[in-house]
Amino acid sequence: MGFSFALLPAMLLGIAGCTTTGSGIGVARSGTTTATFVWKSSGARSGIMTAKLSTGATYAGPFFQITSETTIEELTPLWTGWGDRWRWRGWTYWGPSQSTLTHYSGRVLANLTGADGQMRCHFRLMRPSAGMAGGGQGRCQLPGGTIIDATFPPT
């Protein structure tokens, strides 16, 4: 027989069930800036993250969980806006290479865009099998070099 419209609500519920959201907080090491993070997964290993700073600046962009199946090509959006390799200094393994995949396996990387440039982040997950929903902590670097320590409670 053909497609059953009785199955449509169950299918839509299944699709909606794949989306997870959560939030986190951050504080600059200098103590002068705070951040509120909101993330929404668009699959098992990726999604969109937004950071709103106490300065009024907002950054948004993709995040990716690195697993043993991740390819360098999947992570291409993470390097957008970082220009030449010299701009990656201070963050070991930041760039499109196999060492990035190996070093950050089980972690999340994010590249957020704001009016004044890029904010890059990396987080160590508390429960990698649960993704961002399992919680974690890490740090982000603002375009001017300020480091923000971030924490994401489990959802």
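What follows is a conversation about reading the features of a predicted model.

Me: Let's start with the overall layout. How many helices and strands does the chain have, and in what order do they run?
Reply: Keep in mind that this is a predicted model. The chain has two helices and eight strands. Starting at the N terminus, the order is α-β-β-β-β-α-β-β-β-β.

Me: What share of the residues is buried?
Reply: Of the 155 residues in the chain, 39% are buried. The chain exposes about 8,400 Å², and 59% of that comes from carbon and sulfur atoms. As for contacts, take those between residues at least 6 apart in sequence: 42% of them join residues at least 24 apart.

Me: On to the strands. Which way do β3 and β4 pair, parallel or antiparallel?
Reply: A general idea to begin with: in a regular strand, side chains alternate between the two faces of the sheet. Here, β3 (residues 46-53) and β4 (residues 58-65) pair in the antiparallel sense, over seven bridges. To find the register by eye, look at A51, whose bridge partner in β4 is Y59. The two strands make a hairpin with four residues between them. Within that turn, G56 has a positive phi of about 100°.

Me: Which strand is joined to β4 by four bridges?
Reply: That's β5 (residues 107-114), running antiparallel to β4. For a landmark, F63 stands opposite A110 in β5.

Me: And the C-terminal strands? How many bridges join β6 to β7?
Reply: Six bridges join them, and the two strands run antiparallel. Find H122 and you'll see R139 of β7 opposite. β7 also pairs with β8 in the antiparallel sense, over six bridges. There, G136 stands opposite F152 in β8. β7 and β8 form a hairpin with five residues between them, and G145 in the turn has a positive phi of about 105°.

Me: Now the cysteines. Which two are joined by a disulfide?
Reply: In general, a disulfide is a covalent bond between the sulfur atoms of two cysteines. This structure has one disulfide, and it joins C121 to C140 with an S to S distance of 2.1 Å. C121 belongs to strand β6 (residues 117-125) and C140 to strand β7 (residues 136-141), so the bond links parts of the chain 19 residues apart.

Me: Why is that disulfide called right-handed?
Reply: Because the torsion about the S-S bond of C121 and C140 is about 110°.

Me: Are those two cysteines buried or exposed?
Reply: C121 and C140 are both buried.

Me: How many salt bridges does a search of the whole structure find?
Reply: The general idea is that side chains of opposite charge can pair when their charged atoms come close. The search finds two salt bridges here. One is between the side chains of R29 and D149, at 3.1 Å from N to O. R29 lies in the loop between β1 (21-28) and β2 (34-41), while D149 sits in strand β8 (residues 147-152), 120 residues apart.

Me: Why does R29 count as exposed?
Reply: Because its relative accessibility is 53%, and the cut-off for exposed is over 50%. D149 has 33% relative accessibility, so D149 counts as partly exposed.

Me: Which side chains meet in a salt bridge at 2.7 Å?
Reply: Those of R45 and E74. R45 is in the loop between β2 and β3, and E74 is in the loop between β4 and α2 (98-103), 29 residues apart. R45 is partly exposed at 24% relative accessible area, and E74 is also partly exposed, at 33%.

Me: Last topic: the interior. How many residues does the largest nonpolar core have?
Reply: It has 23 residues, and those with the most contacts inside it include F37, M49, L112 and F123. The elements giving two or more residues to this core are β2, β3, β4, β5, β6 and β8. The largest share, four residues, comes from β6. Apart from this core lies another, of eight residues, among them L75, L78, W79 and Y104.

Me: Which residues does M49 touch?
Reply: Leaving out residues up to four places away in sequence, its contacts include W39, Y59, F63, A110, M132 and F152. Notice A110 and F63 in that list: they are the pair that stand opposite each other across β4 and β5.

Conventions:
Residues are numbered from 1 along each chain as its sequence is written. This is a predicted model: local features need pLDDT of at least 70, side-chain atom pairs count only at pLDDT 80 or more; totals for chains, interfaces and linings use all residues. Side-chain values use heavy atoms; hydrogens and water are left out. Buried means under 20% relative accessible area, exposed over 50%, partly exposed in between (1.4 Å probe, protein chains only). Contact means heavy atoms within 4.5 Å. Accessible areas come from the Shrake-Rupley method with a 1.4 Å probe; for residues, only the protein chains shown count as cover. A disulfide is a pair of cysteine sulfur atoms within 2.5 Å. Two strands pair if DSSP finds at least two bridges between them. A salt bridge is a side-chain nitrogen of Lys or Arg within 4 Å of a carboxyl oxygen of Asp or Glu. A nonpolar core is a set of buried Ala, Val, Leu, Ile, Met, Phe, Trp, Tyr and Cys residues joined through side-chain atoms within 4.5 Å.
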